[in-house]
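Welcome to a short tour of a protein model. Take a moment with the sequence and the 3D view, and then we will walk through them together.

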Amino acid sequence: MCSSDLDMSICVFTGTGGGSITSPIAASFIPLLASLHAPAGRVAALTAALVCFGSFAWGMVRHFRRAGCPSALLLSIALAAPVSAILQIFALIWMPPRWPFFALALYAGSALLFWWAVSVTRGKLVACGQEPVADRVVADGPYRWIRHPFYAAYNLTWIAGFAATGWWPLAVSA
């Protein structure tokens, strides 16, 4: 007989003799069905990811100074980052959540680190690949412990996407 709880198989009644079989097609929907029981985790992780990506976009446009035309490096980053962000957002929507609350903690840490670094460096940093480089090393705030807190914040967000979904292409994009 089939049990009513969701485990690693799903029972499909054959219609003959009242027996049941395990269907590989039906079993492939188990993670999706299980994820429906945890919508709060999915929504929280998705919301946190959107906050992080919105913060990073704001930083590219409003925080970092630019001198002259953007470099090829800056243009490649500006094109690759949204593609990776969209990939992560779609994964958060469609992939079954693995550890959404652990991912939520990573997203929160990322956003806090990002905005802490912004508060310390307002008007002091240029965009990646741009000249001139700052005349002094920033050693306040998160820079006391982390040499590149912006990069650390970005990486925390990419790792959080993988933690939320367990989908390996997100690990590669990190």
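Is Trp-58 buried, partly exposed or exposed? Trp-58 has a relative accessible area of 28%, and because partly exposed covers the range between 20% and 50%, this residue counts as partly exposed. Keep in mind that you are looking at a predicted model.

**The overall layout**

Let us step back to the whole chain. The secondary structure comes to 7 helices and 2 strands. Following the sequence from its start, you meet the elements in the pattern β-β-α-α-α-α-α-α-α. The protein chain has 174 residues, and 33% of them are buried. If you take the contacts between residues at least 6 apart in sequence, 72% join residues at least 24 apart.

**Two helices and their spans**

Helix H3 covers residues 39-63, and helix H5 covers residues 100-121. At 1.5 Å a residue, the 25 residues of H3 should span 36 Å, and the end C-alpha atoms of H3 are 34 Å apart, which agrees. The same kind of check works for H5: its 22 residues should span 32 Å, and its end C-alpha atoms are 31 Å apart, so the two values agree.

Which residues of H3 are buried? They are Gly-41, Arg-42, Ala-45, Ala-48, Ala-49, Cys-52, Phe-53, Ser-55, Phe-56, Gly-59 and His-63. In H5, the buried residues include Pro-100, Ala-103, Leu-106, Tyr-107, Ser-110 and Ala-111. Further along H5, Leu-113, Phe-114, Ala-117, Val-118, Val-120 and Thr-121 are buried as well. The buried residues of H5 pack against H3, H4 and H6. Just after H5, Gly-123 takes a positive phi of about 80°.

**Aromatic rings**

How many aromatic pairs does the model have? The count comes to 10 aromatic pairs. One of them joins Trp-58 and Trp-115 in a tilted arrangement, 4.9 Å centre to centre with 40° between the planes. This pair links distant parts of the chain, with Trp-58 in helix H3 and Trp-115 in helix H5, 57 residues apart. Trp-115 is partly exposed, with a relative accessible area of 35%.

Another pair is formed by Tyr-151 and Tyr-154, with ring centres 6.3 Å apart and planes at 55°, so this pair is tilted. Tyr-151 and Tyr-154 both lie in helix H6, 3 residues apart, which is about one turn of the helix. An α-helix has 3.6 residues a turn, so residues three or four places apart point the same way. Tyr-151 is partly exposed, with a relative accessible area of 44%.

Ring pairs also build a cluster, made up of Phe-53, Phe-56, Trp-58, Phe-114, Trp-115, Phe-150, Tyr-151, Tyr-154 and Trp-158.

**Three residues of helix H4**

Helix H4 runs over residues 72-94. The table sets out the accessibility of three of its residues.

| Residue | Relative accessible area | Class |
|---|---|---|
| Ser-84 | 17% | buried |
| Gln-88 | 0% | buried |
| Phe-90 | 47% | partly exposed |

Ser-84 counts as buried because its 17% falls under the 20% cut-off. Leaving aside neighbours within four places in sequence, Ser-84 is in contact with Trp-158 and Ser-173. What does Gln-88 touch, with the same kind of neighbours within four places left aside? Gln-88 is in contact with Ala-49, Phe-53, Tyr-107, Thr-157, Trp-158, Gly-161 and Leu-170. Phe-90, also in helix H4, sits 9.4 Å from Leu-46, C-alpha to C-alpha, although the two are 44 residues apart in sequence.

**A cavity inside the model**

The count comes to 1 cavity of 30 Å³ or more. The largest cavity has a volume of about 40 Å³. Which residues line the largest cavity? Its lining is formed by Arg-42, Ala-45, Leu-92, Met-95, Pro-97, Pro-100, Ala-164 and Thr-165. Helix H3 and helix H6 (149-165) are the elements that give two or more residues to this lining. By class, the lining has 6 nonpolar, 1 polar and 1 charged residues. Arg-42 and Ala-45, which you met among the buried residues of H3, are both part of this lining.

Definitions and conventions:
Residues numbered from 1 in each chain as written. Predicted model: local features only at pLDDT ≥ 70, side-chain atom pairs only at ≥ 80, totals over all residues. Heavy atoms only, no water. 1 Å grid on protein atoms, 1.4 Å probe; cavity = no way out; pocket = protein on both sides within 12 Å on 5 of 7 lines; lining within 4 Å. Points joined across faces, edges and corners; volume = space filled by probe spheres on them. Helix = DSSP H or I, 4+ residues; strand = E, 2+ residues; numbered from the N terminus. Nonpolar A, V, L, I, M, F, W, Y, C, P; charged D, E, K, R; others polar. Buried < 20%, exposed > 50% of the residue type's maximum accessible area, 1.4 Å probe, protein only. Contact = heavy atoms within 4.5 Å. Expected span 1.5 Å × (residues − 1). Phe/Tyr/Trp six-rings, centres within 6.5 Å; stacked < 30°, edge-to-face > 60°.
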